[in-house]
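Work through the exercises below with the sequence and the coordinates at hand. Each task is followed by a solution in steps.

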Amino acid sequence: MRVAQLHRPLVVVAALMAALAVLAAAGITVDDRMLVGVPIWLKPLKFAVSIAVYAVTIAWMVSLLDRHRRFGWWLGTVIAATMLIEMVVMVGQAARGHQSHFNNQTPLDATLFSIMGATIAIAWLATLGLGILLLIQRLPDRADTLAVRFGLLAGLGGMAIGALMTMPTKAQLAEDSPGIVGAHSVGVADGGPGLPLVNWSTTGGDLRAGHFIGMHALQALPLIAFGLTLLSRRLPRLRAAGVRTRLVAVAGLAYAGLTVLVTWQALRGQPLIHPDALTLAVAGGLLLTTAGGVVWAVARTGDTGDTAAPAPAPVPAEVA
């Protein structure tokens, strides 16, 4: 699909975010200010990249609609507007040297964070609306249909994890008027040692891991369906629509399970890279279940012949 055929407001937002990412990266090199333990322009950089990918993905999903296309266009426009507002606030706060998230230090800071929270809630509801439209519509290929639906559901779940970050910590509840209400980390203060680039805590739990993994189901699962269609040209077994559909179902459930596992690990105050025996046992069970599901999906008999797979549908990676 050509970029010109995609939802124009979302494509414009994606282009603006790409430009902002370049500027934020430059800001990291020329502005030596630090905030919560990292360069002050790192958060705008990460959000700009994430929103650019998200906007292109939603634009692609809107293009899949045959019915209620006009309503879907307006949902996409609402998402574009909310993402733009969020980034304006975030960049403005970074320029001021103020924390954008969880900031309750001044009436202005609290108001700006409330605006950001409202925009995210509206974007979540608009994405849910798009998901409902795609739930009642079938794409030409069953595997693609299931990938888009699973991707939206898991993506909405990943976005919802962000709400857990806005809850005050025990230390904040003990204060009379905390300046910061909410945190990314669990069991430790924000701003401590973290993984490169993403800065997820290496000393405590970090809800951003599950948030990130869940949100990117929007891209991962359609790409899995796309990859299966490509592989079907070389692997005859994958030419059966039922096999590809079952494999996507297994991938979707495994992806949702991984999101839940990582979030549960974080809520227990456990760093992502230092899982305990219980976390490893659950992860092993998820891996074995997924492997068994793959075997079942490929080996199950009863498919109605090895029907040729359709030409691969365009996915966000092709238009990004």
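**Exercise 1. Identify which backbone nitrogen lies 3.0 Å from a polar atom of the side chain of S201, then describe the surroundings of S201.**

Solution. Step 1: the nitrogen belongs to G204, at 3.0 Å from a polar atom of the S201 side chain. A polar contact is a pair of N or O atoms within 3.5 Å; within protein, one must be able to donate a hydrogen and the other to accept it, and residues adjacent in sequence count only if both atoms are side-chain atoms. The model is predicted: local features need pLDDT of at least 70, side-chain atom pairs count only at pLDDT 80 or more, and totals for chains, interfaces and linings use all residues. Residues are numbered from 1 along each chain as its sequence is written, and side-chain values use heavy atoms, with hydrogens and water left out.

Step 2: locate S201 in the loop between β3 (185–186) and β4 (205–206). Helices (H or I, at least four residues) and strands (E, at least two) are DSSP runs, numbered from the N terminus.

Step 3: list the contacts (heavy atoms within 4.5 Å). Beyond four places in sequence, S201 touches S185, V188, P193, G194, D206, R208, P271 and L272.

Step 4: classify the residue. S201 has 6% relative accessibility and therefore counts as buried. The classes are buried under 20% relative accessible area, exposed over 50% and partly exposed in between (1.4 Å probe, protein chains only).

**Exercise 2. Check the length of α2 and state whether the helix is largely enclosed or not.**

Solution. Step 1: the expected span is 1.5 Å times one less than the number of residues. For the 22 residues of α2 (residues 42–63) this gives 32 Å, and the end C-alpha atoms are 32 Å apart, so the two agree.

Step 2: 16 of the 22 residues of α2 are buried, so the rest of the structure largely encloses this helix.

**Exercise 3. Find which element supplies the largest share of the largest nonpolar core.**

Solution. Step 1: a nonpolar core is a set of buried Ala, Val, Leu, Ile, Met, Phe, Trp, Tyr and Cys residues joined through side-chain atoms within 4.5 Å. The largest one has 44 residues, of which M17, M61, L130, L134 and V148 touch the most other members.

Step 2: two or more residues come from each of α1 (8–30), α2, α3 (69–96), α4 (107–135) and α5 (142–160). The largest share, 13 residues, is from α2.

Step 3: take M17 as a sample. Outside four places in sequence, M17 is in contact with A48, I51, A52, L84 and M87.

Step 4: a second, separate core has 19 residues, including I213, A217, L221 and A297.

**Exercise 4. Compare the settings of H68 and F102, each with a positive phi.**

Solution. Step 1: most residues other than glycine have a negative phi. H68, not a glycine, has a phi of about 55°; F102, also not a glycine, has one of about 65°.

Step 2: H68 lies in the loop between α2 and α3, and F102 in the loop between α3 and α4.

Step 3: H68 is partly exposed at 46% relative accessibility, whereas F102 is buried at 2%.

Step 4: glycine G97, just after α3, takes a positive phi of about 80°.
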